[in-house]
Amino acid sequence: MLLRDAQGQPVAIRREDYVAPAYWIDTVELTFDLDPNKTRVLNRMRMRRNPAVPVQPLRLDGDELNLARVLVDNHGASFRIEGDQLVIDALPDAFELEIFTTCCPIKNTKLMGLFVSEDTFFTQCEAEGFRRITYFLDRPDVMASYTVTLRASKYAYPVLLSNGNLVEQGDLEGPGNEGRHFAKWVDPFKKPAYLFALVAGKLVAREQRITARNGKEHLLQVYVRAGDLDKTEHAMNSLVNSVLWDEARFGLPLDLDRFMIVATSDFNMGAMENKGLNIFNTKYVLANQATATDADYSNIESVVGHEYFHNWSGDRVTCRDWFQLSLKEGLTVFRDQEFSQDLCADASARAVKRIEDVRVLRTAQFPEDAGPMAHPVRPDSYIEISNFYTVTIYEKGAEVVRMMQTLVGRKGFERGITLYFERFDGQAVTCDDFAQAIADANPDSDLARLLPQFKRWYAQAGTPRLAAQGNYDAAQRSYTLSFAQSCAPTPGQPLKEAFVIPVNLGLLSADGHELPLQLEGESDAAHGTRTLVLTQEREQITFINVDAEPVPSILRGFSAPVILDFDYNDTQLLTLLANDVDPFNRWEAGQRLGLRSAIQAITGDANATGPALNEAYVDAMRGVLRDPNLDAAFKELVLALPSETYISEQLEVVDPQRVHAVREAMRVQLATALFSDWQRVYEENQDTGAYSPDPTSSGRRALAGMALTYLCIAARESNDTVWPGKTLQRFKDAGNMTDRFNALNALVSSGHALAAQALARFHAIFKDEALVIDKWFSLQAGAPDRNGDILPLVKQLMKHPDFSIKNPNRARSVIFSYCSGNPGAFHRPDAAGYVFWSDRVIELDAINPQVAARLARGLDRWSKLAEPYRSAAREAIARVAAKPDLSKDTHEVVTRALAV
């Protein structure tokens, strides 16, 4: 029920107000007569009163339903409708409730509940979509056993799927049932309503049978449209690997006879872990070398793994309430990250995965922690829960879980996972329950000792800053590191207490050799990385027997989600970049050097004509490119400049056009200064043989693609036609989408005239491949802005026959790529970008509030902007907030933004 105050504004739901449900549902029998215009839903539930809660009426949630009948124990019952709730008084302690409703899936543009996509029925029930199918106790702590019967036209909907195991199917008999059939599904495991799913349509499946360690055979199926079956091999392989990995790493077997994945092109999210019937955005299922990039292959592996791992961490044990969302999402992101790293054949590939994960955290989650939507990993309140499917809940939540593993060790964490599922299988629990289980399985660990303080990571919003200083005492041959932690105020949390921060560190000599570490009071030195567990606002540690001032390598592997402030000089950073045994800190040293140059150029004289990058940095990047001991994938990460968004987050006041101009100048300088190296790198890496998305081949293609972009930028500066011509030929001849798209990107990103020809050819080749056309749209909307040319292009793209704002993937490919992914083009001095943003948020809010609210987040950081951007951005947000009948999704985002 949407609560509103006296002024009609939505009211927040608070974690502290949680009470158990007044009724439990033991069994649910659902019968669907599927019709796009009028689907009939018969819902029979066995219910009982919760004796732990005072006697009260039964309140069932509903949304846009047509109610036809309510029976209690097969007799008519009096009821009333209050807001969106069905209320029934004077019920016995145990009873059977029957509810008959209808809904119109074809008109469901919100894509929540039951909807139709390309003549196929799908559902999306997380978080509160089941109430759009039938009246129900739509909350995650109500877990029931489901039996589902689907009935529909056999011709139009030959495939009928739901959760669990198929127990019966056949043709329907009797008058009115000609050409109709049914399928009956029984889920042997209790689940909350948000995990319910059904699919009905014309689909084909790739199937594979596997045998588990216990000897039990399982059927795996990936359902798609008939023309897409050849793009499902990688998804199936990823699913098989996920099943095998979870059983090997954590002892968690597949618990159903069959496990199904179904792909749809109309989906608000990436995928959904409905028990035994995962529904996916096609983006995370469909791939072959002609249509998908290496990044697509990697994302499919990760997301398939993520949703399968939810089978235990989310399905078998679920959330007590939505404030505990990170209980399942943070844990499962951590599990899918570990899965992807464990599939890597060598340490370098593992390191690349880790760096990629941290880059997402720092470019997306750190700004969220500093903005108006900042919230703890376990939020205290929300108006619309859909707004809290965030990088804080997911990625920062995963870092909290990773710190637990650091504090108890890999084997200790596995013991904790085993205890967690033994203790809570079949229950809806809390983040506290999870943390306690990990600690109880490791009673002698730092986690167990510090658990109450560690749980501040769940309770406190914001990114902690860890300031570190080093002091070398030559006379004592000692080196002291002093640490001070702090965390800035966030909405509703002005004061923060000290966190538990595990800090992995090492010391290097000035010439780059790893030093043995001996703490004051220790009798012997230890080799390798040490983990310090910081708990106080200020503390220090001293290393002894240090012969010369070392270079500290702090926060190795990004051991905690904090901002590290250490005043490295350039020489120290160059030492780390060239020599650190920790790949993350090697990469980080390069990022710090690049960021330092960017900030100096941005905050310096805008009329200065000197280079943005100093010679030492350029030489260091040349050294990376020439280093034969570094993998191509790692080189590509080191050479990638900090993004405009990440640079902006380091500034107190942001002039987006200045940031854009400086970063573009940095790109030009790297392109021209390293021209001969880029030529050599491209020639060495352009041919990777028969296509394979393995980390080594993917890394070589990524580095070759980067080289091609820089060669085209250099060519633009010198008016050379050779490399753009070679790039166009590469685009035409490419044997896989990664190489083809890298060449297209090089032409578009460099602003070369040949880009138009390549774009037209690309569209002509792939006009019938929706996911590829998404790339085509996105590349253009996200291209570097030159003289304000991108916004007019975006407006033209929205008029393209292939564009539909109702399709979330297509809307994201154009509107989000511009508003959220292209700051140099979006933040225009004339404010036209902000006007466009407000128009699109309002337009989308009437169609799909979830997508609109995501777009609304694009101006979260408006208060950091310099004038005139700041006032214009605020005016645009206020315009959206003033719209009558704004959805609660978008209302929550814009009102919190204006409260800054």
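1. A term to start with: a nonpolar core here is a set of buried Ala, Val, Leu, Ile, Met, Phe, Trp, Tyr and Cys residues joined through side-chain atoms within 4.5 Å. In this predicted model, the largest such core holds 289 residues, and L97, F434 and W837 are the ones that touch the most other members. Helix α17 (residues 695–718) supplies the largest share of this core, 10 residues. As general background, nonpolar side chains tend to be buried together in soluble globular proteins.

2. W837 is a nice place to zoom in. Setting aside residues up to four places away in sequence, W837 touches C819, F826, L855, A856, G858, L859, A876, I877 and V880. One of these partners, C819, is itself buried, at 3% relative accessibility.

3. On the cysteines: how many disulfides does a search of the whole structure find? The count is 0. Take C319, which is buried with a relative accessible area of 0%. The closest cysteine sulfur to that of C319 belongs to C431 and lies 7.4 Å away, so the pair is too far apart for a bond; the cut-off for a disulfide is 2.5 Å.

4. D580 may also reward a look. This residue sits in the loop between α10 (570–579) and α11 (583–603), yet D580 is buried, with a relative accessible area of 2%. Its side chain makes polar contacts with the side chains of S553, at 2.6 Å, and R556, at 2.9 Å. Beyond its neighbours within four places in sequence, the contacts of D580 also include L508, T575, N585 and R586.

Key
Residues are numbered from 1 along each chain as its sequence is written. This is a predicted model: local features need pLDDT of at least 70, side-chain atom pairs count only at pLDDT 80 or more; totals for chains, interfaces and linings use all residues. Side-chain values use heavy atoms; hydrogens and water are left out. Buried means under 20% relative accessible area, exposed over 50%, partly exposed in between (1.4 Å probe, protein chains only). Helices (H or I, at least four residues) and strands (E, at least two) are DSSP runs, numbered from the N terminus. Contact means heavy atoms within 4.5 Å. A polar contact is a pair of N or O atoms within 3.5 Å; within protein, one must be able to donate a hydrogen and the other to accept it, and residues adjacent in sequence count only if both atoms are side-chain atoms.
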